[in-house]
Amino acid sequence: MKRVFFLVNIGCYLVILAYVGIVAASAVASGYPWTITCYNCGLCRQSCPIGLDPYGFIAAATANDRTTMMQAVNVKLLPHEAALLDRNMPLVNSAGQRVDINNLTPEQARDEVFVSRMQARYAASFCILCGNCERICPIKLPIMTIIKDYRNAASL
Ligand code: SF4
Ligand code: SF4
């Protein structure tokens with residue numbers, strides 16, 4: 001029986017090692033290997049004056065995927081502007097009701113909508129580069145490096 005537990009433990013360690021290896025390889029491939037040192041403490045999230053969650057940029061860079069969805073709670077757009085960015089973006093109106101961008105009434109088409117989550121590559125263009133997230137980060141991660149790169153990327 002002891003041998004079974006031993007083998008299960010070894011198997012678990014190997015799975016964890018493989019996961020960590022995949023995450024590290026992805027972060028290195030993205031050009032931001034330092035992102036794996038982020039421990040998602042959430043301090044940068046509380047410091048953003050425009051409601052972005054800067055950890056979303058870290059997560060996108062770690063995954064090497066600029067389309068990673070992240071929190072962006074104070075971004076306001078007209079529906080046609082939101083549609084140009086991403087037709088699948090979750091949106092609500094000023095009353096907090098869900099807005100389906102693919103099925104708008106004439107009134108909804110005129111009213112501004114609030115974003116709750118958006119792709120990191122688009123969220124970067126709304127960042128005002130105030131630097132709060134970097135200043136408050138306990139390990140001083142250069143989050144704005146990712147944001148500036150995403151803003152400059154041709155995909156924006
Ligand atoms: S403050 Fe720094 S360590 Fe904390 S979640 Fe943000 S980037 Fe990560
Ligand atoms: S630099 Fe951008 S993401 Fe960071 S706190 Fe300022 S507005 Fe938010």
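Student: What stands out about phi at Asn-64, just after H3?

Tutor: Phi of Asn-64 is positive, about 55°. Most residues other than glycine have a negative phi. The model is predicted, and local features such as this one need pLDDT of at least 70.

Student: Which value does phi take at Asn-40, and where does Asn-40 sit?

Tutor: The phi of Asn-40 is near 50°, positive in a residue that is not glycine. Asn-40 belongs to the loop between helix H1 (2–30) and H2.

Student: Why does Asn-40 count as buried or exposed?

Tutor: The cut-off for exposed is 12 or fewer other C-beta atoms within 10 Å. Asn-40 has 10 such neighbours, so it counts as exposed.

Student: What can be said of phi at Leu-129, and is Leu-129 buried or exposed?

Tutor: Leu-129 is not a glycine, yet its phi is positive, about 55°. The residue lies in the loop between H6 and H7. Its count is 10 C-beta neighbours inside 10 Å; the limit is 12, and therefore Leu-129 is exposed.

Student: Ala-153 has 12 other C-beta atoms within 10 Å. What makes its class buried or exposed?

Tutor: Exposed means 12 or fewer. The count for Ala-153 is 12, which falls at that limit, so the residue is exposed. Ala-153 lies in the segment after H8.

Student: Which residues does Ala-153 touch, leaving aside its neighbours within four places in sequence?

Tutor: They are Arg-66 and Arg-121. A contact requires C-beta atoms within 7 Å. The C-alpha atoms of Ala-153 and Arg-66 are separated by 10.0 Å, but the contact test uses C-beta atoms, so that value does not conflict with it. Along the chain, Ala-153 and Arg-66 are 87 residues apart.

Student: Why is H3 called largely enclosed?

Tutor: Buried means 20 or more other C-beta atoms within 10 Å. Seven of the nine residues of H3 meet that test, so the rest of the structure largely encloses this helix. The buried ones are Tyr-55, Gly-56, Phe-57, Ile-58, Ala-60, Ala-61 and Thr-62.

Student: What does H3 give to the largest nonpolar core?

Tutor: H3 supplies five residues, the largest share. The core has 31 residues, and Phe-57, Met-118, Ala-123 and Ile-143 have the most contacts inside it. Helix H3 (55–63), strand S5 (113–115), helix H6 (120–126) and H8 each give two or more residues. In soluble globular proteins, nonpolar side chains tend to be buried together.

Student: How do you know from which domains this core is drawn?

Tutor: At least three of its residues come from each of domain 1 (1–69 + 119–156) and domain 2 (74–115). Met-118 is one of the core residues with the most contacts inside it. Leaving aside neighbours within four places in sequence, Met-118 is in contact with Met-69, Met-70, Ala-72, Val-75, Asp-86, Met-89 and Ala-123.

Student: How far apart are the C-alpha centres of domain 1 and domain 2, and how many residues are in contact?

Tutor: The centres lie 28 Å apart. Five residues of domain 1 are in contact with four of domain 2. On the domain 1 side, these divide into three nonpolar, two polar and no charged residues.

Student: What makes S2 and S4 edge strands?

Tutor: The open sheet has four strands in the order S2-S5-S3-S4, with antiparallel pairing. Strand S2 (76–77) and strand S4 (98–99) each have a single partner strand, so one side of each has no neighbour in the sheet.

Student: How do you know that S2 pairs with S5?

Tutor: Pairing needs at least two bridges. Two bridges join S2 to S5, so the criterion is met. The two strands run antiparallel. Leu-77 has Val-113, in S5, as its bridge partner.

Student: Which residues come closest to ligand 1, and which come nearest to ligand 2?

Tutor: For ligand 1, the closest of 14 surrounding residues are Cys-38, Cys-41, Leu-43, Cys-44 and Cys-137. Helix H2 (43–47) and H3 each give two or more residues to that shell. For ligand 2, which also has 14 residues around it, the nearest are Cys-48, Cys-127, Cys-130, Asn-132 and Cys-133. Here helix H7 (132–136) and helix H8 (143–152) each give two or more.

Student: How do the shell residues divide by class around ligand 1 and around ligand 2?

Tutor: The shell of ligand 1 has twelve nonpolar, two polar and no charged residues. The shell of ligand 2 has eleven nonpolar, three polar and no charged. Cys counts as nonpolar, so the cysteines named above fall in that class.

Conventions:
Residues numbered from 1 in each chain as written. Chains lettered and ligands numbered in written order. Predicted model: local features only at pLDDT ≥ 70, side-chain atom pairs only at ≥ 80, totals over all residues. Near = placed C-beta within 6 Å. Domains from an automatic or database assignment. Contact = placed C-beta atoms within 7 Å. Core = buried A, V, L, I, M, F, W, Y, C linked by C-beta atoms within 7 Å.
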